[in-house]
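The exercises below ask you to read contacts between chains, helix packing and backbone geometry from a structure. Work through each task with the structure in view before turning to its solution.

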Number of protein chains: 4
Amino acid sequence: MRQFSQIPAGLPQLGIGLIGTGFMGRAHAMAFRNVSAAFSLPVQVHLAALADADATRAARCASDWGFDHAHSDWQQLICDPEVDIVAITTPNHLHYPMAMAAVEAGKIVYCEKPLAVSLAQADEMRNAAKEAGVITRVGYNYQHNPIIGLARQMIDNGELGDIVSFHGEFSEDFMGDAATPWSWRCEETHAGGALADLGSHLLALARHLLGDVEAVCADSNTVHAQRPAAAGSNETRSIAVDDQTHALLRFANGARGTFSSSWLKHGYKNHLAFEISGTRGTIAFDQERLNELQVCRAGQAGFQRVLAGPSLPGYAAFSPAPGHQLGYNELKTLEVHALIQAVCNQGKEGPDFEEAWQVERLATAIRVAARELRWVRIEEV
Amino acid sequence: MRQFSQIPAGLPQLGIGLIGTGFMGRAHAMAFRNVSAAFSLPVQVHLAALADADATRAARCASDWGFDHAHSDWQQLICDPEVDIVAITTPNHLHYPMAMAAVEAGKIVYCEKPLAVSLAQADEMRNAAKEAGVITRVGYNYQHNPIIGLARQMIDNGELGDIVSFHGEFSEDFMGDAATPWSWRCEETHAGGALADLGSHLLALARHLLGDVEAVCADSNTVHAQRPAAAGSNETRSIAVDDQTHALLRFANGARGTFSSSWLKHGYKNHLAFEISGTRGTIAFDQERLNELQVCRAGQAGFQRVLAGPSLPGYAAFSPAPGHQLGYNELKTLEVHALIQAVCNQGKEGPDFEEAWQVERLATAIRVAARELRWVRIEEV
Amino acid sequence: MRQFSQIPAGLPQLGIGLIGTGFMGRAHAMAFRNVSAAFSLPVQVHLAALADADATRAARCASDWGFDHAHSDWQQLICDPEVDIVAITTPNHLHYPMAMAAVEAGKIVYCEKPLAVSLAQADEMRNAAKEAGVITRVGYNYQHNPIIGLARQMIDNGELGDIVSFHGEFSEDFMGDAATPWSWRCEETHAGGALADLGSHLLALARHLLGDVEAVCADSNTVHAQRPAAAGSNETRSIAVDDQTHALLRFANGARGTFSSSWLKHGYKNHLAFEISGTRGTIAFDQERLNELQVCRAGQAGFQRVLAGPSLPGYAAFSPAPGHQLGYNELKTLEVHALIQAVCNQGKEGPDFEEAWQVERLATAIRVAARELRWVRIEEV
Amino acid sequence: MRQFSQIPAGLPQLGIGLIGTGFMGRAHAMAFRNVSAAFSLPVQVHLAALADADATRAARCASDWGFDHAHSDWQQLICDPEVDIVAITTPNHLHYPMAMAAVEAGKIVYCEKPLAVSLAQADEMRNAAKEAGVITRVGYNYQHNPIIGLARQMIDNGELGDIVSFHGEFSEDFMGDAATPWSWRCEETHAGGALADLGSHLLALARHLLGDVEAVCADSNTVHAQRPAAAGSNETRSIAVDDQTHALLRFANGARGTFSSSWLKHGYKNHLAFEISGTRGTIAFDQERLNELQVCRAGQAGFQRVLAGPSLPGYAAFSPAPGHQLGYNELKTLEVHALIQAVCNQGKEGPDFEEAWQVERLATAIRVAARELRWVRIEEV
């Protein structure tokens with residue numbers, strides 16, 4: 001890996017290799033394009049290569065998004081000497097082989113969540129990265145939100161006192177209709193289910209804000225046990241993954257709380273929400289209003305709405321004016337910026353493979369607790 | 001007990017005997033005064049007698065509130081032949097002896113929640129009432145809210161489809177300050193603690209809306225284990241009851257969910273809130289905005305605010321115009337009206353001693369689950 | 001008029017005579033019944049007499065609501081020596097003859113809003129009352145809300161700094177459907193129209209909070225110029241009154257602002273709302289959530305929700321606990337309490353005939369400004 | 001001007017020349033960079049040149065943002081043959097000379113709002129552009145919001161029935177403190193004041209949604225008539241521009257309403273809000289929650305929150321998932337996309353110099369109405 005911390009005259013190039021052109025592929029592309037306009041960087045971001053198994057699509061996306069080369073073979077991209085960072089946005093079961101290859105090639109690896117489709121894979125990946133000494137990041141982008149930064153700061157500097165409780169929920173409605181057909185998200189081998197698909201974001205956020213969880217108890221169930229094999233199909237497929245999971249959490253800091261994840265809940269599109277209460281105050285957040293934090297300090301009459309503004313680290317990169325609001329893609333840009341800062345030894349904040357394994361371990365503990373209907377200590381898993 | 005269902009010419013009098021003159025005492029008094037103006041009743045409500053251990057206070061309140069007689073001995077009130085309904089609003093540990101005496105005297109008993117300070121007492125009370133054949137009611141007033149009636153109707157008539165999940169929380173902040181002193185609410189023998197004091201309202205509401213719970217898992221803790229013995233005192237007392245309890249619930253109808261109760265949560269004054277989601281829609285309610293229900297049906301873009309109005313049973317008794325809003329005391333008036341309807345054989349809806357015992361049993365199961373850190377089936381208790 | 005300020009041993013009786021048994025009639029009855037339970041009064045409230053032109057209805061309501069006598073002739077009620085306070089809740093055009101007769105009889109007069117159906121009538125009424133020296137009150141009940149009391153206090157003690165702007169709106173939707181038939185509310189001679197029927201409440205509130213208005217400019221229009229003569233009728237009637245009125249206001253204290261009143265606005269049931277902003281803060285209120293005030297002080301990040309509680313004068317009469325919420329009828333009880341306090345020389349707050357004339361004069365100025373499409377100084381009218 | 005509508009094999013380049021590097025300069029740069037990733041365009045966007053009077057800053061920004069050339073003389077940029085679109089983001093008083101020069105050079109002109117600092121300038125500019133036949137756009141970016149597109153569509157297709165009323169407000173608090181010093185925004189010759197700076201956005205939006213305004217009445221005032229000459233200075237400067245303006249509007253379609261603009265209003269950061277009501281429904285919007293529209297149709301109980309999603313034109317370019325939210329900068333990207341579509345003859349929607357002159361004329365009419373305290377017909381101005 002090249003060294004970016006000693007910046008020579010003329011900015012060094014940081015070559016980006018992006019694998020995948022779906023929702024997340026394009027979000028990465030936009031973020032890498034945007035980061036240079038938003039921030040003064042010590043490197044020149046170079047969109048070196050894009051890979052998609054569909055060569056035509058790879059070529060078109062590379063052209064549209066400004067990448068220099070297109071590959072239909074992701075292994076070529078990883079080997080490309082122009083590529084410093086390998087960004088992986090493919091379906092979940094491909095994260096493992098791609099990330100392992102990238103680590104082996106000594107590349108910086110920026111992988112979408114979930115890290116892997118099994119805890120064993122995730123364990124292998126974190127160990128490989130640690131041994132190779134490469135920088136890694138996993139796309140838990142929600143924690144890069146400046147207003148989440150404010151929440152974390154309030155917790156860390158004691159403004160909320162001792163943390164007493166956590167209530168977290170990630171609910172959407174996209175599987176709410178029994179007629180919504182089977183997809184790869186319905187397969188456990190692809191890290192499907194409401195807990196893995198949605199809940200892991202919430203677990204990552206809970207850990208980001210409150211640290212380690214010590215023990216969990218949980219309950220999972222599948223409401224629609226059969227779904228059409230495809231849209232409009234008469235054939236059905238059995239579904240084994242959870243439609244919803246509820247859990248109790250005990251944090252190492254003493255806080256207790258609840259966790260819920262559902263993809264059946266009418267009324268919600270992106271309801272990644274939490275409420276954290278301490279001896280001196282309470283804060284509440286909902287990703288559906290991502291620029292707002294509700295805050296009530298002890299002794300105050302009620303919650304106050306805090307709207308994100310340029311006083312929060314990260315926000316001013318996009319607007320000097322409060323209330324103008326960041327969008328989802330800008331959280332991704334902030335994630336990419338944090339990665340580049342790490343690459344340039346200017347910061348180390350952010351979830352790496354080690355942290356992603358912790359998230360997966362926590363999710364696994366919840367899965368065990370739900371299956372065995374008992375409290376499970378995380379260290380058991 | 002006199003029969004009120006055959007209404008003679010000239011309305012029969014229904015004599016009220018009220019024990020207690022605190023928060024709930026006055027709420028009962030206002031409700032019994034108000035019910036005749038709000039509803040056309042088949043009986044004449046007669047404020048027959050008021051009892052308070054403090055004779056001076058009893059006399060003053062009787063005069064202010066329009067009761068004919070004042071007693072400092074509650075047993076005299078129970079024996080008063082003018083008294084048909086004995087309303088019990090004294091501290092929790094007195095519910096048992098008073099209700100048992102009233103049942104024995106063959107009176108209708110209207111007791112504030114919780115029914116008793118132990119499940120054994122509650123069991124004895126429901127059995128005594130059943131054997132005596134007297135009408136009983138317990139003051140779970142929140143379920144008499146017309147907008148809760150709408151919620152129940154939507155659930156019962158299938159508008160939400162099969163019920164999938166329940167999230168309930170009852171949080172207040174009145175014990176949030178570590179310097180708030182010990183009170184009887186801090187004693188388990190007085191049915192103190194966040195679960196008993198607040199949570200039981202939520203459990204009653206959950207049962208009212210969704211029916212039986214089959215199994216629970218729970219976690220309770222005491223955050224402030226020492227409190228001043230009195231305001232400003234240097235002496236402290238140890239606190240054994242829970243400051244907060246979290247639980248997982250499994251309902252007999254298949255719904256799963258979470259339950260939380262806290263009296264430490266800054267930002268909330270009366271946050272008895274729930275969200276119930278089914279295969280065809282979701283509803284949400286918060287007692288802090290008691291005239292509103294949030295509703296989202298499958299296929300709709302988001303929640304719609306439904307404001308209570310005269311189309312809902314009960315509301316029109318207080319106002320012919322929507323959006324004018326009922327207050328807490330009018331929920332109590334509706335509770336009293338439901339009791340009078342039951343007395344006159346015009347309806348039987350409403351929580352009686354049997355139902356209150358069910359609520360206490362559920363709370364006890366949660367207590368056992370939290371103590372033993374395991375799932376508990378309700379029928380174990 | 002009897003003197004109630006020197007309270008003898010044994011509370012003097014204060015006799016209530018209520019004319020009218022509609023929405024407001026019943027609201028008054030409930031309020032007079034409730035006020036004794038809610039407050040320790042220096043008088044005994046005596047429900048002396050009830051009048052309704054329909055003798056049967058008068059008798060039934062008197063019985064249901066606890067009044068001693070029923071009259072079908074309101075003049076008899078006014079002459080009844082047991083009656084100290086004459087409460088007038090009849091259709092608007094009857095306020096004038098009834099109030100004038102009551103004033104002449106030396107009674108305390110408590111009249112529903114609007115005071116009269118013309119400014120000339122209102123002028124005559126205030127003068128008659130002043131000459132007779134009788135206590136008068138007009139039912140602008142919204143200003144008795146404890147949270148409005150908080151708003152007024154914040155304004156009066158300078159917490160908002162110099163008041164800069166006022167935005168007020170009273171919108172409902174009950175005439176929003178073109179098929180809603182004609183009613184007396186559609187007649188100017190009955191003080192109909194959105195400005196008179198709804199807007200006058202807002203004008204009274206604006207004056208209560210900010211004092212005199214100096215000049216106005218306005219725009220009124222009738223959207224549905226024809227309505228069915230009755231429900232389902234093919235016959236139509238022409239409508240001359242306004243469906244909506246908008247205005248600009250200049251207050252004597254220097255504040256500027258906007259005013260709107262509509263009975264056509266889908267989405268609103270009782271949207272009597274205002275926002276008042278000063279050099280040091282902003283407050284906002286909506287009658288559809290009557291227990292809440294939104295507050296933002298200079299330098300704060302956003303609005304904070306303040307929920308009514310017992311620290312606000314008036315609230316504790318109904319509940320010792322915050323967040324339990326008052327209802328519309330309790331605002332009426334507070335109005336009655338303020339009247340009784342005035343009668344007993346214990347306070348003088350509250351809108352009398354003089355103030356009601358000021359409100360009518362302001363509404364008239366808006367009507368002139370809308371008709372002549374020019375700015376109108378209030379003193380012109 | 002080159003023709004972009006006939007797309008040859010190999011996409012033609014569309015050269016961008018950006019003048020200004022402030023808040024809006026960077027927003028334009030990000031938008032031009034982003035538009036290619038978000039949309040499949042028939043042209044290749046080429047960041048040809050950047051100009052800033054400060055040569056060093058120009059060079060640094062050009063490098064950071066990916067522009068090929070940097071100029072310290074904006075006239076050179078306009079003459080640059082690589083530049084097809086001249087984007088003007090300089091202080092308001094420079095819009096006129098730059099736009100006139102760009103028009104004269106036959107370039108496409110994309111100018112930030114306000115178009116000019118006087119109506120006479122704006123008139124000259126629209127006429128020059130019309131005569132030159134160049135495509136023009138003005139940065140009223142808020143109307144490119146997909147949820148505003150939904151609002152417009154609901155209005156245009158009659159879902160709200162006949163439009164009856166408009167309430168619009170643009171309030172911020174950035175001048176709310178009397179100690180906030182003078183800036184160019186306090187000068188009328190720089191198009192300063194709350195009406196010009198904020199209000200014009202609202203007027204543009206009102207016109208976008210409801211069309212022409214026919215007449216206005218208005219009231220403006222300056223609350224803080226003196227401000228420090230600079231931060232911390234003892235010297236003060238007199239302020240002549242408005243701190244707030246309120247107005248009544250009459251639309252050509254028959255709707256009536258109110259307009260407010262303030263930069264003094266504590267509690268608001270970007271409160272560009274409106275409510276539009278028709279005979280069949282009401283919609284409400286607030287830029288502080290730019291991804292939401294509140295909708296209530298006739299007969300519905302209350303407002304429903306509609307959260308932006310990929311079914312709305314424009315949204316899917318940024319995310320395939322609802323509830324993920326666009327940010328302010330993405331509205332700018334949509335504005336740039338609309339411009340490129342116009343250039344390629346694929347659409348013509350969007351505010352040009354003619355429309356910007358209409359907005360300025362409307363603002364001028366409000367200014368006249370406020371100065372002369374009378375109703376003003378727009379055609380008078």
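A salt bridge is counted here when a side-chain nitrogen of Lys or Arg lies within 4 Å of a carboxyl oxygen of Asp or Glu. The model is a predicted one, and every value below is computed from it.

**Exercise 1. Describe the interface between chain D and chain A, and state how many salt bridges are counted between them.**

Begin with the residues that take part: 38 residues of chain D are in contact with 38 residues of chain A. Turn next to the area, which is about 3500 Å² buried between chain D and chain A, with carbon and sulfur atoms giving 43% of it. On the chain D side, the residues that lose the most area to chain A are D:Arg289, D:His324 and D:Gln325, which together make up 17% of what that side buries. Finally, apply the salt-bridge criterion, which gives a count of four between chain D and chain A. The pair D:Glu288 and A:Arg305 forms a salt bridge, with the closest N and O atoms 2.4 Å apart.

**Exercise 2. Describe the contact between chain B and chain A in the same way, giving residues, buried area and salt bridges.**

The contact draws 44 residues from chain B and 43 residues from chain A. About 3200 Å² is buried between chain B and chain A, and carbon and sulfur atoms give 55% of that area. Six salt bridges are counted between chain B and chain A. A salt bridge also joins the side chains of A:Glu275 and B:Lys265, at 2.5 Å from N to O.

**Exercise 3. Find which parts of chain B are tied together by the salt bridge of B:Asp173 with B:Lys269.**

Over all chains, the structure holds 92 salt bridges. In the one formed by B:Asp173 and B:Lys269, the closest N and O atoms are 2.7 Å apart. B:Asp173 lies in the loop between strand E7 (163–171) and helix H7 (194–210) of chain B, while B:Lys269 lies in the loop between strand E12 (256–262) and strand E13 (271–278), so the pair ties together parts that are 96 residues apart in sequence.

**Exercise 4. Determine how helix H5 (residues 119–132) and helix H9 (residues 353–372) of chain D are oriented.**

The two axes come within 9 Å and cross at roughly 160°. Angles over 145 degrees count as roughly antiparallel, and H5(D) and H9(D) are therefore roughly antiparallel to each other. H5(D) passes H9(D) in a left-handed crossing. The residues of this contact divide into six nonpolar, one polar and six charged.

**Exercise 5. Describe the packing of helix H1 (residues 23–38) against helix H8 (residues 328–343) in chain B.**

The axes of these helices lie 8 Å apart, at an angle of about 65°, and the crossing of H1(B) and H8(B) is right-handed. Residues of H1(B) in the contact include B:Phe23, B:Met24 and B:Phe32, and those of H8(B) include B:Tyr328, B:Val336 and B:Ile340. By class, the contact of H1(B) with H8(B) has 10 nonpolar, five polar and one charged residues.

**Exercise 6. Locate the cis peptide bonds that precede A:Pro114 and C:Pro114.**

In chain A, the peptide bond from A:Lys113 to A:Pro114 is cis, with omega near -10°, and A:Pro114 sits in the loop between strand E5 (108–111) and helix H5 (119–132). In chain C, the bond from C:Lys113 to C:Pro114 is cis, with omega near -5°, and C:Pro114 is in the loop between strand E5 (108–111) and helix H5 (119–132) of chain C.

Technical notes
Residues are numbered from 1 along each chain as its sequence is written. Chains are lettered from A and ligands numbered from 1 in the order in which they are written. This is a predicted model: local features need pLDDT of at least 70, side-chain atom pairs count only at pLDDT 80 or more; totals for chains, interfaces and linings use all residues. Side-chain values use heavy atoms; hydrogens and water are left out. Axes are lines fitted to C-alpha atoms, for helices over the stretch in contact, and angles run from 0 to 180 degrees between N-to-C directions. Helices (H or I, at least four residues) and strands (E, at least two) are DSSP runs, numbered from the N terminus. Angles under 35 degrees count as roughly parallel, over 145 as roughly antiparallel, 65 to 115 as roughly perpendicular and the rest as oblique. A crossing is left-handed if the near helix is turned anticlockwise from the far one by less than a right angle, and right-handed if clockwise. Ala, Val, Leu, Ile, Met, Phe, Trp, Tyr, Cys and Pro count as nonpolar, Asp, Glu, Lys and Arg as charged, and the others, Gly among them, as polar. Contact means heavy atoms within 4.5 Å. Buried area is the accessible area (1.4 Å probe) that two parts lose on being put together, summed over both.
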